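Look at the sequence and the model shown here, and keep both in view while reading. The paragraphs after them go from the whole protein to single residues.

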Amino acid sequence: MGATVACLGAAVWLLGGRQPGARRARLLFAGGGTAGSGPPGWPERVTDALRRVRARLRPEWWAPAAGVVLAVLGASVLPVVAGAAGVPLLCRARLARQARRARERRADAVIGLCGALAGEVRAGRQPGEALLRAARDSGGLGAAQAVVLAAARFGGDVPGALAAAARQPGAEGLRGLAACWRVAVDQGAGLAAGLDRLEGALRAERDQRADLRAQLAGARVTAVMLAGLPALGLLLGTALGVDPLHVLLHTGAGLGCLLAGGVLEGLGLWWALRIVRGAEEAA
């Protein structure tokens, strides 16, 4: 039953992802029509509905779904409770992953901003005009972009605006840009040369973080694989006809083993990931 549910879910997922391309190909090559014209049929409506549901369905909601499947297989409500308890943990992990990706994108945008600004200054433009052009192209200033652009356009405090924008996660390199701007304006130093050195330093720091993350990826994957071994044991026991779900969910010894194993599993995974995060922060 579990394999059937998994296969049906995969089929629906593939159907929702591949159907729009197939419909476009049929419209373009079969009847000579224009893509997107004409009322959609029921397959298109179904796939559109499935696509909307999949877009709104967060990954953490797979935990209660898996809990319902295990509850049906094991004839117990404990998997449903465990799946519901896992929703906030998975939601927190998803938000942390999104925040990390946003921080990395912002750091890349800051590096691009420094390179673009250096090129604009070398092209003979004034620093204010060069910042306006480079900021529009890179978007590395984030939510404070409007304040920085206003300061550059109307002769305001550009270094102060850049320092305020640097408070965003991943945009710390803007502090160096603010320092280069202040030195170039106050002391007449070359802005392009300072931006080149700043871009090189930020790029080297990004490459070092990427290399460290690649080195720690093995440890992180190993921890996750070890955390999944109990599930593999349950599958092997079910394949051998032992019915481990009945033992774990309907006997006193099984419930004690399930509680102790779940606690130790969570502590072990938390400790392993804490070691990996500590190594990243220390570097």
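What follows is a walk through a predicted model, beginning with its helices and ending with its charged pairs.

Start with the overall make-up. The protein has twelve helices and zero strands. Read from the N terminus on, its elements therefore give the pattern α-α-α-α-α-α-α-α-α-α-α-α, since helices are numbered from that end. The chain holds 283 residues, and 26% of them are buried. The accessible surface of the protein amounts to about 17,600 Å², and carbon and sulfur atoms account for 65% of that area. Contacts also say something about how the chain is arranged. Of the contacts in the protein with a separation of 6 or more, 54% are between residues 24 or more positions apart.

Helix 5 is a convenient element for a check on geometry. How far apart should the ends of its twelve residues be, at 1.5 Å a residue? The helix covers residues 127–138, and the expected span is 16 Å. The C-alpha atoms at its ends are 16 Å apart, so the model agrees with the expectation. Several residues of helix 5 are buried, namely G128, A130, L131, L132, A134 and A135.

Helix 8 offers a single residue to follow. A178 sits in this helix, and its relative accessible area is 3%, which is why A178 counts as buried. Which residues does A178 contact, leaving aside neighbours within four places in sequence? They are P159, L162 and A163. For L162, the separation from A178 is 16 residues in sequence, while the C-alpha atoms of the two are 5.6 Å apart in space.

Loops can hold buried residues as well. Q168 is in the loop that runs between helix 7 (158–165) and helix 8 (173–187). Is Q168 buried or exposed? Its relative accessibility is 14%, so Q168 counts as buried; the cut-off for that label is under 20%. The side chain of Q168 also comes to 2.9 Å from the backbone oxygen of A165.

A second loop residue can be read in the same manner. S76 lies between helix 3 (62–74) and helix 4 (78–122). With a relative accessible area of 14%, S76 is buried. Once residues up to four places away in sequence are set aside, S76 touches A71, L249 and H250.

Next come the aromatic rings. The structure contains one aromatic pair. It is formed by W270 and W271, whose ring centres are 6.0 Å apart and whose planes make an angle of 50°, so the pair is classed as tilted, a label for angles that are neither under 30 degrees nor over 60. W270 is partly exposed, at 47% relative accessible area, and W271 is partly exposed too, at 46%.

The last topic is charge. Side chains of opposite charge can pair when their charged atoms come close. Across the whole structure there are nine salt bridges. One of them joins R206 to D108, with the closest N and O atoms 3.1 Å apart. R206 belongs to helix 9 (residues 191–227) and D108 to helix 4, so this pair ties together parts of the chain 98 residues apart in sequence. R206 is partly exposed, with a relative accessible area of 25%, and D108 is partly exposed with 35%.

Another salt bridge stays within helix 9. R203 pairs with E199, the closest N and O atoms being 2.7 Å apart. How many residues separate R203 and E199 in helix 9? They are four residues apart, about one turn of the helix. R203 is partly exposed at 32% relative accessibility, whereas E199 counts as buried at 17%.

A further bridge links the side chains of R125 and E129, at 3.8 Å from N to O. R125 has a relative accessibility of 28% and counts as partly exposed; E129, at 37%, is partly exposed as well. These two residues also belong to a network of salt bridges, in which E120, R125, E129 and R133 are linked.

Terms used
Residues numbered from 1 in each chain as written. Predicted model: local features only at pLDDT ≥ 70, side-chain atom pairs only at ≥ 80, totals over all residues. Heavy atoms only, no water. Helix = DSSP H or I, 4+ residues; strand = E, 2+ residues; numbered from the N terminus. Buried < 20%, exposed > 50% of the residue type's maximum accessible area, 1.4 Å probe, protein only. Polar contact = N/O pair within 3.5 Å; in protein donor to acceptor, adjacent residues only side chain to side chain. Expected span 1.5 Å × (residues − 1). Contact = heavy atoms within 4.5 Å. Areas by Shrake-Rupley, 256 points an atom, 1.4 Å probe, with all protein chains shown as cover. Phe/Tyr/Trp six-rings, centres within 6.5 Å; stacked < 30°, edge-to-face > 60°. Salt bridge = Lys/Arg side-chain N within 4 Å of Asp/Glu carboxyl O.
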